[in-house]
Amino acid sequence: MNELIRCINCDEIFLRTPFDLWPEYESCPNGPLESFRTIERDDFQDFLKSHHGHRLEDLKILEDSFVSEKNYFEPVKISYFKATNGKESFVVKKFREKIDEPLKYQLIHGDYSLRCTDIEIQSKEIVKQLKTEFKTSPLPPYQMEAFLKLFQYIVKTIDIQKLERIPEESPNSLEIYYKIDDISLVYLLRNCRNIFKGQEYLNIEEFIHRHKDDGVLLLKATYKIQITKMTKSKKVEKTRPREAISTRIPLKIKKAAEKG
Ligand SMILES: [Zn+2]
């Protein structure tokens, strides 16, 4: 249903049904969906017209390759996803400069990778949670600070490759949450014995177990998108003739029109 079409001659692309693609808000915020669909269909006709006689090919979008520099629900942002024609790999840059502008798509020959730039503990959230849960016998500031320092210190030594990712925690594809590994957990608990004594220790041990899997003790890693551009291959492979596409499209438009 989703079709990403590339003009080989001009190296331009058109994405036919962008609002079906990603779990994010894409359609026109003020108008009904139908008016958006109509505009999109017209745009596609324009694309076909301006690339009349050129060689077109379908690109396959790689599932789960969507990354964005901002939260999914932000309307003005730059996102990327991967696509291929079976031989070459591409990165599609999807962006909008202003909220009332349509989305633009730019084809990049190459690939992208994600590089982890930082891994940190959720200090603010931990302090908030400790204050809430230890209301009857609040932790003195020096203990709170010592705990955060210890946790941060342990986290800095962790190899992120070995951690279990918690995908549903983040609305941002460049901020990923991980569960602390068992060895680091043991190390954390053992060192907590130097900060907390007796019942205090038992309380903090319980706190750690309560929040390590899905709570404030998850570790937050920040990633950066790195795009590797490749030189465009000069040899253009023979693709399906353009006629094959143009006979297919009116049918789909007709169908969509009937549905609406
Ligand atoms: Zn063209």
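## Two helices in contact

Contact here means heavy atoms within 4.5 Å. By that yardstick, Ser123, Ile126, Val127, Leu130 and Lys131 in H3 meet Met144, Phe147, Leu148, Phe151 and Gln152 in H4. This is a predicted model, where local features need pLDDT of at least 70, side-chain atom pairs count only at pLDDT 80 or more, and totals for chains, interfaces and linings use all residues. Residues are numbered from 1 along each chain as its sequence is written, and side-chain values use heavy atoms, with hydrogens and water left out.

H3 covers residues 123-133 and H4 residues 141-156; they pack at an angle of about 140 degrees, with axes 11 Å apart. That makes H3 oblique to H4. Oblique is what remains once angles under 35 degrees (roughly parallel), over 145 (roughly antiparallel) and 65 to 115 (roughly perpendicular) are taken out. Axes are lines fitted to C-alpha atoms, for helices over the stretch in contact, and angles run from 0 to 180 degrees between N-to-C directions.

## The zinc site

The zinc ion gets its protein donors (N, O and S atoms within 2.8 Å of the metal, or 3.2 Å for Na, K and Ca) from Cys7 (SG), Cys10 (SG), His51 (ND1) and His54 (ND1), at 2.0 to 2.2 Å. Along the sequence, the spacing reads C-x2-C-x40-H-x2-H.

Now for burial: under 20% relative accessible area is buried, over 50% exposed, and in between partly exposed (1.4 Å probe, protein chains only). His51 counts as buried because its relative accessibility is 2%, while His54, at 22%, counts as partly exposed.

Note on methods: Helix = DSSP H or I, 4+ residues; strand = E, 2+ residues; numbered from the N terminus.
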